[in-house]
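Here are some short exercises to work through with the model open in your viewer. Try each task before you read its solution.

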Amino acid sequence: MSTEAACQLTVNPFTAHLLVHDIALDPGDTLILTAGASAVSRMVIHLANERGVRCLPVVRHPEQARALALLGTRPVPADSADALTEAVRDTMEHGRVGTVLDAVGGALGAAALRCLRPAGQFISYGMLSGRPIPVHPDDLVFRQVRASGFWLPARLERLDERELTSLNQQVHEAAVRGLPGLEVAETCDLADFRCALEHTMRPGRDGKVVLTG
């Protein structure tokens, strides 16, 4: 693989592989992903599609939806919590979502949680909004929704040597086959790191900014 792809392997691809492993959905099940255009979401979509899992990535902009449609998924355009609930209801039978992978939190994460079927699972792995997720006891008690968090360092610590070796091999093979989410938008010399940081904040960026030197 290219050096530009290899330098990205240690976080996002491992996160995506472990998330897909942990949710353990069956073919035909449905998965909602907030921050649906992120690199991790695109990797999860690719891996979940291979298992026959239907993905509904939540996006804010039409161009994001068009790009994700090329991955064989059905994006859910939603710029608010209410819009997400309505969009999911229009897309499929409401309440039949098996899992939510949430990287946003706040009102959007709470709206995604409400879309879960009884006994569905909600996994928080990011806090882009900086806001908490209100979880009503009714969801936990009567609907039997399972809510948990994912943090890569803690998850890796639970792997034994054999499992870690297998995970390394899976990540490497996926990257060689062309795992989406490893695209590079721009390369900058290490001396230009300030400029590179500015570029990472640009809206609509379709890949990582890689430092070289």
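**Exercise 1. Find what follows helix 3, then compare the helix's expected span with its end-to-end distance.**

Step 1. Just after helix 3 comes Gly52, with a positive phi near 80°. Helices here are DSSP runs of H or I with at least four residues, strands are runs of E with at least two, and both are numbered from the N terminus.

Before going on, a word on the ground rules: this is a predicted model, where local features need pLDDT of at least 70, side-chain atom pairs count only at pLDDT 80 or more, and totals for chains, interfaces and linings use all residues. Residues are numbered from 1 along each chain as its sequence is written, and side-chain values use heavy atoms, with hydrogens and water left out.

Step 2. The expected span is 1.5 Å times one less than the number of residues. For the 12 residues of helix 3 (residues 39-50) that gives 16 Å, and the end C-alpha atoms lie 17 Å apart, which agrees.

**Exercise 2. Decide whether helix 3 is enclosed or open, and name its packing partners.**

Step 1. Take buried as under 20% relative accessible area, exposed as over 50%, and partly exposed as in between (1.4 Å probe, protein chains only).

Step 2. Nine of the 12 residues are buried, so helix 3 is largely enclosed by the rest of the structure. Among them are Arg42, Met43 and Val44.

Step 3. Using contact (heavy atoms within 4.5 Å), the buried residues of helix 3 pack against helix 2 (12-23), helix 4 (62-69), and strands 1 (30-33), 2 (54-59), 4 (97-102) and 8 (208-212).

**Exercise 3. Describe the second largest pocket.**

Step 1. A pocket is an open set of points on a 1 Å grid over the protein atoms alone, where a 1.4 Å probe fits, with protein on both sides within 12 Å along at least five of seven lines; lining residues have an atom within 4 Å of a point.

Step 2. This pocket's volume, the space filled by probe spheres set on the points, is about 230 Å³.

Step 3. Its lining includes His17, His21, Arg155 and Glu163. Helix 2 and helix 9 (161-177) each give two or more residues to the lining.

**Exercise 4. Classify Val176 and find how far it is from Met1.**

Step 1. Val176 sits in helix 9 and is exposed, with a relative accessible area of 52%.

Step 2. Although Val176 and Met1 are 175 residues apart in sequence, their C-alpha atoms are 5.7 Å apart in space.
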